[in-house]
Protein chains: 2
Amino acid sequence: MSSKKPTIYDVSRLAGVSIATVSRVLNTPDKVNPETRQRILEAIDSLQFMPKAEARARALQSTGRIGVITPFFTAPSFVQRLRGIASALGREKYELIIYTVESSAHLQSYLVSLPLTGNLDGLIIVSLAVEAAPMRRLMEAGIETVFIEFPHPDISSVQIDDVVGGRMAAEHLLQKGHTRIAFLGDTDLPEYAMHPVSMRLMGFRQAMQAAGLQIPPEFVRLAPYTHEKALQAAAELLQAPQPPTAIFAATDFQALGVLKAARQMQVKVPEQLAIIGFDDLDMAEYADLTTIRQHLDESGRLAVELLLTRLADPSRPPQHIHLPLQLIQRQTT
Amino acid sequence: MSSKKPTIYDVSRLAGVSIATVSRVLNTPDKVNPETRQRILEAIDSLQFMPKAEARARALQSTGRIGVITPFFTAPSFVQRLRGIASALGREKYELIIYTVESSAHLQSYLVSLPLTGNLDGLIIVSLAVEAAPMRRLMEAGIETVFIEFPHPDISSVQIDDVVGGRMAAEHLLQKGHTRIAFLGDTDLPEYAMHPVSMRLMGFRQAMQAAGLQIPPEFVRLAPYTHEKALQAAAELLQAPQPPTAIFAATDFQALGVLKAARQMQVKVPEQLAIIGFDDLDMAEYADLTTIRQHLDESGRLAVELLLTRLADPSRPPQHIHLPLQLIQRQTT
DNA sequence: AGAAAAGGTGAAAGCATTTTCATTTTATGC
DNA sequence: GCATAAAATGAAAATGCTTTCACCTTTTCT
């Protein structure tokens with residue numbers, strides 16, 4: 001019932017001595033009279049007293065803590081990464097602490113305080129750009145760090161090549177005979193986060209160029225990362241006088257919006273409109289969406305493994321894992 | 001060179017500010033002028049200043065840690081709850097620590113160690129059954145606890161009434177004129193976790209009974225929690241000589257499998273087959289699935305609020321919030 | 001322009017414990 | 001007995017940090 005944590009003062013009061021004596025019982029027991037000591041020990045027991053700060057400091061010192069800094073996870077792709085991380089960390093003796101970031105200032109504040117007061121053994125930073133100075137502090141504080149989706153020469157990372165992915169998607173559509181291909185990306189590019197979508201667009205552009213094709217400017221659409229907006233953008237594309245015959249959506253989540261638009265407009269997929277996504281979310285399989293798989297779960301798992309390796313043996317050099325991309329052909333192309 | 005460990009005072013002197021400002025740079029960096037902050041950070045770097053965990057713990061009365069114990073989150077519903085929790089906790093000064101549980105023993109081990117070494121201020125336990133003894137220990141350790149989906153008189157909780165939800169789903173289908181209604185639930189009922197699906201089935205049964213209808217035994221199907229298995233179970237139902245005209249899937253995730261089966265078998269939804277799900281996951285909206293919304297994000301958010309309220313004022317009595325369910329009518333019924 | 005709100009900062013009051021130092025009590029030697 | 005060393009204890013200072021409060025600047029609004 002009484003949830004108040006007892007302090008050394010409570011003990012001293014109960015035992016009828018000063019706090020100094022209580023402290024001595026704890027630290028230098030032989031310096032206090034056996035009878036007094038006994039009385040104080042009883043008081044300690046009956047109050048369930050535990051010198052908290054110390055216990056905490058000690059616990060935090062050695063106990064393994066691994067932090068994950070991630071953009072606030074509305075996007076399913078972050079969730080799937082997190083799932084990979086959690087599953088890899090599951091049986092380890094490490095605690096998993098989640099820091100969600102929702103603004104650049106927020107990220108900065110974490111980067112300032114975590115190395116110093118975070119008590120972390122390791123840190124995984126997902127899809128966020130970190131500047132040189134905070135990074136140096138991280139390293140000096142002895143926190144092993146792994147980036148996901150952010151390359152840095154001195155820090156281990158797990159990356160995918162979004163440019164190649166964009167190219168793969170485009171080449172797949174080209175190979176199916178499409179020439180009028182539109183691109184749908186998202187606009188949610190907070191300045192503090194990576195924006196892989198731009199890279200995918202770049203790859204898409206490269207492939208189109210290589211095939212000698214122009215992309216009409218109105219075929220490159222950006223919409224906020226919601227189903228409705230994606231749906232709306234797709235609808236506008238399809239209502240144009242010369243609509244595209246294929247759409248490359250830079251994220252599966254948006255591809256689903258496109259699919260829904262096609263359904264609503266009675267546009268047959270893939271006959272009248274081919275759709276390809278990117279990510280291979282869980283839902284992509286359900287929706288039979290052709291997509292570029294980037295194995296999100298795996299990226300999280302690998303990040304944890306990189307971290308654990310380095311924690312076990314800090315002399316190991318940083319590694320940079322490039323996760324392969326894979327075209328998953330389903331029903332929408 | 002200099003042997004003494006630098007303290008916050010050294011930093012403040014070097015940076016020409018008060019110790020308060022240095023402390024703020026560490027704890028609430030956005031509350032200090034960028035230029036000042038920069039100067040202080042430089043001082044910190046040049047002195048290799050490292051705040052002492054013990055002193056910090058002392059000044060900081062609360063440890064600022066909130067744990068979440070959740071079954072290992074493959075299921076999207078857990079993820080959405082977690083999202084609610086993370087978002088509610090976002091700006092608070094609490095750390096969010098995730099403990100994923102994958103077996104009964106695992107859960108027990110957490111319940112044993114967390115009260116002692118966890119250093120937690122609060123704990124949210126999601127969809128897990130906790131016995132009396134471990135719970136007592138939790139309370140004695142002074143860890144405020146909130147349950148999601150597990151009722152207990154002395155502990156705050158956020159619950160939904162799955163029986164009512166099952167009834168709502170059934171009544172909706174009945175009202176649409178269906179009489180041959182099948183039920184599809186999942187079989188993943190680890191002994192340590194709650195199994196709301198059984199409750200939903202119970203509600204479903206009640207409503208059918210109230211309408212004077214029998215449920216043929218073969219119309220109650222259980223399948224593992226994957227798309228494929230749900231799809232397969234649905235296919236079997238639909239291939240029966242007298243197939244159901246409606247299916248109530250106990251989770252949206254499985255409802256999507258049913259939808260896919262219908263699509264593959266060219267069964268028209270909702271004309272030939274009505275489908276209703278449960279949860280209202282993000283995907284439900286995309287799939288235009290009629291479902292019972294249980295507002296998963298909200299349940300996480302509420303749990304955090306309950307916890308914070310009690311942490312702020314432990315004398316507040318435990319609350320039990322019953323989250324209302326809501327029928328979301330979309331295109332599949 | 002002046003008033004009100006917001007932003008930034010330092011002085012000082014905690015926080016729970018250890019440690020120093022002075023004081024009281026007890027034991028010891030002659 | 002009586003000084004005197006030794007032992008036991010408490011008051012208070014110190015620890016290194018956070019946080020509140022009040023004050024002083026800016027900015028914003030009217």
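What follows looks at how chains A and B meet each other and how they meet DNA strands C and D.

The model is predicted, so local features need pLDDT of at least 70 and side-chain atom pairs count only at pLDDT 80 or more, while totals for chains, interfaces and linings use all residues. Residues are numbered from 1 along each chain as its sequence is written, chains are lettered from A and ligands numbered from 1 in the order in which they are written, and side-chain values use heavy atoms, with hydrogens and water left out.

To start with the protein–protein side, 51 residues of chain B touch 48 residues of chain A, contact here meaning heavy atoms within 4.5 Å. Putting the two chains together buries about 4,800 Å², and carbon and sulfur atoms give 57% of that; buried area is the accessible area (1.4 Å probe) that two parts lose on being put together, summed over both. The rule picks out seven salt bridges across this interface, each being a side-chain nitrogen of Lys or Arg within 4 Å of a carboxyl oxygen of Asp or Glu. One of them links A:Glu95 and B:Arg65, with the closest N and O atoms 2.8 Å apart. There are also 13 residue pairs in polar contact between the chains, both residues at pLDDT 80 or more. A polar contact is a pair of N or O atoms within 3.5 Å; within protein, one must be able to donate a hydrogen and the other to accept it, and residues adjacent in sequence count only if both atoms are side-chain atoms.

On the chain B side of the interface, strand β2 (residues 95-101) supplies the largest share, six residues. Helices (H or I, at least four residues) and strands (E, at least two) are DSSP runs, numbered from the N terminus. By class, the side of chain B that touches chain A has 26 nonpolar, 11 polar and 14 charged residues. Ala, Val, Leu, Ile, Met, Phe, Trp, Tyr, Cys and Pro count as nonpolar, Asp, Glu, Lys and Arg as charged, and the others, Gly among them, as polar. Strand β2 of chain A runs antiparallel to β2(B), and three bridges join them; two strands pair if DSSP finds at least two bridges between them. Within this pairing, A:Leu96 has B:Ile98 as its bridge partner.

Turning to the DNA, 22 residues surround strand C, the closest being A:Ser23, B:Thr21, B:Thr36, B:Arg58 and B:Gln61. A residue is near a strand if one of its heavy atoms lies within 4 Å of it. Sugar and phosphate make up 54% of the strand C atoms that come within 4 Å of the protein. Phosphate oxygens of strand C lie 2.9 Å from a polar backbone atom of A:Ile8 and 2.6 Å from a polar side-chain atom of B:Thr36. α2(A) gives the most to the surface near strand C, with five residues.

Around DNA strand D there are 26 residues, and A:Thr21, A:Arg24, A:Thr36, B:Ile8 and B:Ser23 come nearest. Of the strand D atoms within 4 Å of the protein, 58% belong to sugar or phosphate and the rest to bases. Polar backbone atoms reach phosphate oxygens of strand D from both chains: A:Ser18 at 2.8 Å and B:Ile8 at 2.7 Å. Here α2(B) gives the most to the nearby surface, with five residues. That surface has 13 nonpolar, eight polar and five charged residues.
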